[in-house]
Amino acid sequence: RKKRKKMMSGRVASCWILVAMVVVLSTASAGGDTAEKGVTYDGRSLIIDGQRKLLFSAYIRSLCFLNGLLMMWPSLIKKTKEGGIDVIQTYVFWNLHEPKLGQFDFSGRNDLVKFIKEIRSQGLYVCLRIGPFVEAEWNYGGLPFWLRDVPGMVYRTDNEPFKFHMQRFTSKIVNLMKSEGLYASQGGPIILSQIENEYGSVEAGFHEKGASYVKWAAQMAVGLQTGVPWIMCKQPDAPDPVINTCNGMRCGETFPGPNSPNKPKMWTEDWTSFYQFYGGEPYIRSAEDIAFHAALFIAKNGSYINYYMYHGGTNFGRTSSSYFITGYYDQAPLDEYGLLRQPKYGHLKELHAAIKSSANPLLHGKQTVLSLGPMQQAYVFEDENSGCVAFLVNNDARKAIQMQFRNNAYSLLPKSIGILQDCKTLIHETAKVNVAKNMRVTTPVQVFNVPDKWEVFRESIPTFSDTPLKTNALLEHTNLTKDRTDYLWYTLSRVHLARTRLSTLSSGHGSRNITVVKLQVPVSLINGQNNISILSGMVGLPDSGAYMERKSYGLTKAQISCGETNAIDLSGSQWGHLVGLLGDKVRLHQWANLKSVKRSTNDAGLIKNCPLAWYKTMFDEPNGDGPVGLNMGSMGKGEVWVNGQSIGRYWVSFLTPSGHPSQSIYHIPRAFLKPSGNLLVVFEEEGGDPLGISLNTISVIGSNQAQSQLS
């Protein structure tokens, strides 16, 4: 969501299936449980086939499916299951499945049914978060852009056009699941569904229509008769029977609980890290902090925790929303490549096992809360049939403390929770990590530093006469591009000066926190008529906020200042507009189209620092079966394709406050590769050095091995 605009100022803007996995802890049914098949709930937990369930959930964003072959799904599910997680949760992206009105796509990597059946084949449950607005740092929050052109459209409010299309798509998904027998009420794996997403954050902006929309959405969803409960996250006024849930890092401290005593306490997003945007540093959340707050939520009667993310994966293509980097939640328990990030992964696995060992008293015992000091408490669950478990909590973040509980002394580290099996034996402490830290290693296997191996095609810069659409005003960027491309040319030809001057033209690019920008760039103007061409570029659409359909992007004002003279305002001049790049239109990134344009081989001096250039070379697949990454640290900003598949946008020239790119290595899934003759195509906007690009293998090593290598 950067707006890269040469010589301009204006607004800027910026899930593949998102998946989450849930651990299920099953116990014998309590007296109030039903023996019926299917899913119900009460004030303590979900009840599945007559048994209470304590669920740990973990979200993953996964490259899914390509050319009829399952790729990362099976291995990611297996690793997550081995981490103590048993149910998978997935978003449904409207703009992925209905890119054009009435044209649905459930093929290949968008095969939602095949994905859910793969989950079922490993014996797991599913939570289906339909939305269909999902946010998720996904382009436009999952909404298809064609919605904006529907007459009278206002997103996510009591608006008839929006409600019509939202109900139509939601019904499409529900009916698809029913036709395959995938709901638990049919004997399938889907135990939960979600409607809307974090609407409570924007509801007030719609005034009374916000509240009426919430009621309508709940009634519409329940009326689809899935036979499983519906949830709304961050929605305190979720109408019965929809369950309101918490999102955040500390829901054990911040969540007041469900809005009815008959609903279970659920945490749908426990953020294991945080998203990262271009120009931003990575957010590091420790394994100890995640474990502390997860244990605290369970101690306070929580029965469902969803780790967001458990595996962040990669925002391939143009799927990331405004200004978000291509890698997503790389600091999750499974990193961007699906490798274990220790100690996060192992520490949470131990926590799950400890809690699971005491699931019976947690779900059926009576809770008692005891004060053991000014910043210490004990949460005790006890039942004569189910046994006893205690959570000893030390909230003091500065010092360890010894706590007395039932005639025994327990020493707890600062900011820690100890779990006592049978209310006696300390089996887990959240601040005590027993799992060794590992380190990710990037190993170069090929550097593309031979000029003769590269071919380059330079984009032609259009002039006013080349543009098909001419108006007396600057037109809004996305009204013309329809989000089918990041790029829009603005052209002007009637700039006359009396003599040659070095002038400045206003332009700039934004950031995650700056959406209206102005930058002055020196330009050389000649005596007489001057042609000016300005490229407006997007890096994704926003994924949140009220009235998203009203937001505008692109060039809004342009002027020339010549020395001490008054500025010349060009905004009201006659402008030409041209959507996209020539390389886009001939699909230059695909093998079949390489011969349709003229390319030239360049020497080292000519190949570097070419703005608006397409680069092409070939490479062989590295040995082994581990992850592969492309180091783009020598480039500026653009997009990369491997064998016609986009591995995402890159923007290494946008540095963090510490002076580093937010991301330099870009994931190439093995499924994209052939043993030999792989096509690499790079589009570079600003100008970089392709001779510095390298192909790398990615692996992890233990901390001792890492120390040895450093020595």
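This is a short chat about one predicted model, its first helix, an open sheet and its cysteines.

Biologist: Start with helix 1. Which residues are buried there?
Modeller: Helix 1 covers residues 73-82, and Trp 73, Leu 76, Ile 77 and Thr 80 are buried.

Biologist: How are those buried residues placed around the helix?
Modeller: They fall within an arc of 100° seen down the axis of helix 1, so they line one face. In general, an α-helix has 3.6 residues a turn, so residues three or four places apart point the same way.

Biologist: What comes just after helix 1?
Modeller: Gly 84, which takes a positive phi of about 95°.

Biologist: New topic, the open sheet. What is the strand order?
Modeller: The order is 16-17-18-21-22. The sheet has 5 strands, with antiparallel pairing.

Biologist: Which strands stand at the edges?
Modeller: Strand 16 (366-373) and strand 22 (425-429) do. Each has a single partner strand, so one side of each is left without a neighbour in the sheet. From one strand to the next, the twist averages 20°.

Biologist: How many bridges join strand 21 to strand 22?
Modeller: There are 4 bridges between strand 21 (residues 416-421) and strand 22. Ile 419 stands opposite His 428 in strand 22.

Biologist: And which strands does helix 7 lie across?
Modeller: Helix 7 (residues 287-299) lies across strand 16, strand 17, strand 18 and strand 21. It runs at about 130° to strand 18. Helix 8 (residues 344-356) also packs on the sheet, touching strand 21 and strand 22. The direction of helix 8 makes about 145° with that of strand 22.

Biologist: Cysteines next. How many disulfides does the whole structure have?
Modeller: The search finds 2. Cys 246 pairs with Cys 251, with sulfur atoms 2.0 Å apart. Cys 388 is joined to Cys 423, S to S 1.7 Å.

Biologist: Is the Cys 388 and Cys 423 disulfide left-handed or right-handed?
Modeller: Its S-S torsion is about -70°, so that disulfide is left-handed. Cys 388 lies in strand 18 and Cys 423 in the loop between strand 21 and strand 22, so the pair ties together parts 35 residues apart in sequence.

Biologist: What about Cys 246 and Cys 251, buried or exposed?
Modeller: Both are buried. The torsion about their S-S bond is about -80°, so this disulfide is left-handed.

Biologist: And where is the nearest cysteine sulfur to Cys 233?
Modeller: On Cys 246, 9.6 Å away, and Cys 233 is in no disulfide. Cys 233 counts as buried, at 1% relative accessibility.

Note on methods:
Residues numbered from 1 in each chain as written. Predicted model: local features only at pLDDT ≥ 70, side-chain atom pairs only at ≥ 80, totals over all residues. Heavy atoms only, no water. Buried < 20%, exposed > 50% of the residue type's maximum accessible area, 1.4 Å probe, protein only. Helix = DSSP H or I, 4+ residues; strand = E, 2+ residues; numbered from the N terminus. Arc of directions from axis to C-beta. Pairing = 2+ DSSP bridges. Axes fitted to C-alpha atoms, helices over the stretch in contact; angles between N-to-C directions. Contact = heavy atoms within 4.5 Å. Disulfide = S-S within 2.5 Å.
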